[in-house]
Amino acid sequence: MAGDAKERPGTGQTRRRGAVLEEAILRAAADELTASGYAGLTMDKVAARAGTNKNALYRRWPNRLALGIAAYRRLATTVQPPDTGTLRGDALELLRRANRTWSSPFGAILRELLSAAGGASELLAQLQDQSGDAAAAPWLTVLGRAVARGEAPPEALHPRVATVAMVLLRNEFVVRGAPTAPDDVLVEIVDEVYLPLVRRRNPEPDRAPGCTPGRPGPPAHRASEGPDRQPGNIGSDRAAGSA
């Protein structure tokens, strides 16, 4: 970009600005993370590797944690969802991929960043999602296929439902400090939590037709009262079922 670079007087070198300089800094920070982990990441090292000064870094990121997270996100790659033919197979494959990644040196960087972020909710949000949409995307894809196959109801297509298995796996690493999760833990997450949740998902099971979302419908006994009640009404069905 023409506005991002300018000749340095008397040096013959180009002074980088804007997006060009930011890209150079992020590339340098990602290289430092890969080489030394978060523990070895310093603003001095990144500035030297990027061929700039620390002020250029601090103008964009307030501290090395913010820079480390930005660099980690640059390293992260988009996950292509599996297609095993079953929801169980897809969910297990996604968890196994995540487990392999988090158990690798790349995952060690993630664990360091999560530990350093502590209670900094904004930074944790940046780490945990790589944008929440990106984290949920492969899970929503496999759930969409499951809905199409009749394995799950359409109500299961919700980002919080979709990613609950990944959240449980992350708990093994972040809360329990496990260096890796045994495969039987992954199977347990899928079989005992994820699949039952997905298959029984119904956000408003007791809402009567015509009621406002979020507000309860009329009690069953009231719906079935009155001389005009017709066979086949919701109220009559409930009354018949309880007889």
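Let's start in the middle of things, with Leu169: leaving out residues up to four places away in sequence, Leu169 touches Leu95, Ala98, Asn99, Trp102, Ala181, Leu186 and Ile189. Contact here means heavy atoms within 4.5 Å. Keep in mind that this is a predicted model, where local features need pLDDT of at least 70, side-chain atom pairs count only at pLDDT 80 or more, and totals for chains, interfaces and linings use all residues. Residues are numbered from 1 along each chain as its sequence is written, and side-chain values use heavy atoms, with hydrogens and water left out.

Leu169 is also one of the residues that touch the most other members of the largest nonpolar core, along with Ile25, Leu67, Leu95, Trp139 and Tyr194. That core has 56 residues. A nonpolar core is a set of buried Ala, Val, Leu, Ile, Met, Phe, Trp, Tyr and Cys residues joined through side-chain atoms within 4.5 Å. As for "buried", the word means under 20% relative accessible area, while exposed means over 50% and partly exposed is in between (1.4 Å probe, protein chains only).

Now step back to the whole chain. The secondary structure comes to 13 helices and two strands; helices (H or I, at least four residues) and strands (E, at least two) are DSSP runs, numbered from the N terminus. Of the 243 residues, 33% count as buried. Take the contacts between residues at least 6 apart in sequence, and 60% of them join residues at least 24 apart.

How do two of those helices pack? Two packed helices are described by the angle between their axes and the distance between the axes. Helix α1 (residues 18–36) meets helix α4 (residues 64–75) at an angle of about 85°, and their axes are 8 Å apart. That makes α1 roughly perpendicular to α4, a label that covers 65 to 115 degrees, with angles under 35 roughly parallel, over 145 roughly antiparallel and the rest oblique. The axes are lines fitted to C-alpha atoms, for helices over the stretch in contact, and angles run from 0 to 180 degrees between N-to-C directions. On the α1 side, the contact is made by Glu23, Ile25, Leu26, Arg27, Ala29, Ala30, Leu33 and Thr34. Helix α4 brings Leu67, Gly68, Ala70, Ala71, Tyr72, Arg74 and Leu75. Sorted by class, this contact has 10 nonpolar, two polar and three charged residues. Here Ala, Val, Leu, Ile, Met, Phe, Trp, Tyr, Cys and Pro count as nonpolar, Asp, Glu, Lys and Arg as charged, and the others, Gly among them, as polar.

Next, the aromatic rings. The structure holds two aromatic pairs; rings of Phe, Tyr and Trp (its six-membered ring) pair if their centres lie within 6.5 Å, with planes under 30 degrees apart counted as stacked, over 60 as edge-to-face and the rest as tilted. One of the pairs is Tyr72 with Phe106, which is stacked at 4.9 Å centre to centre and 20° between the planes. Tyr72 lies in helix α4 and Phe106 in helix α6 (residues 105–117), so the pair ties together parts that are 34 residues apart in sequence. Tyr72 counts as buried at 3% relative accessibility, and Phe106 is partly exposed at 24%. For Trp139 and Tyr194, the ring centres are 5.3 Å apart and the planes are at 75°, so that pair is edge-to-face. Trp139 sits in helix α8 (residues 132–149) and Tyr194 in helix α11 (residues 183–199), 55 residues apart. Both Trp139 and Tyr194 are buried.

Trp139 turns up again beside Thr163, which is found in the loop between α9 (159–162) and α10 (164–174). Beyond its neighbours within four places in sequence, Thr163 is in contact with Ala135, Ala136 and Trp139. Thr163 is buried, with a relative accessible area of 16%.

Farther along α8 comes Ala146, which is buried at 0% relative accessible area. Apart from residues up to four places away in sequence, Ala146 touches Leu87, Glu151 and Ala152. Arg149 lies in α8 too, but Arg149 is partly exposed, at 35% relative accessibility. With the same sequence neighbours set aside, Arg149 touches Asp83, Gly85, Thr86, Leu87 and Asp90.
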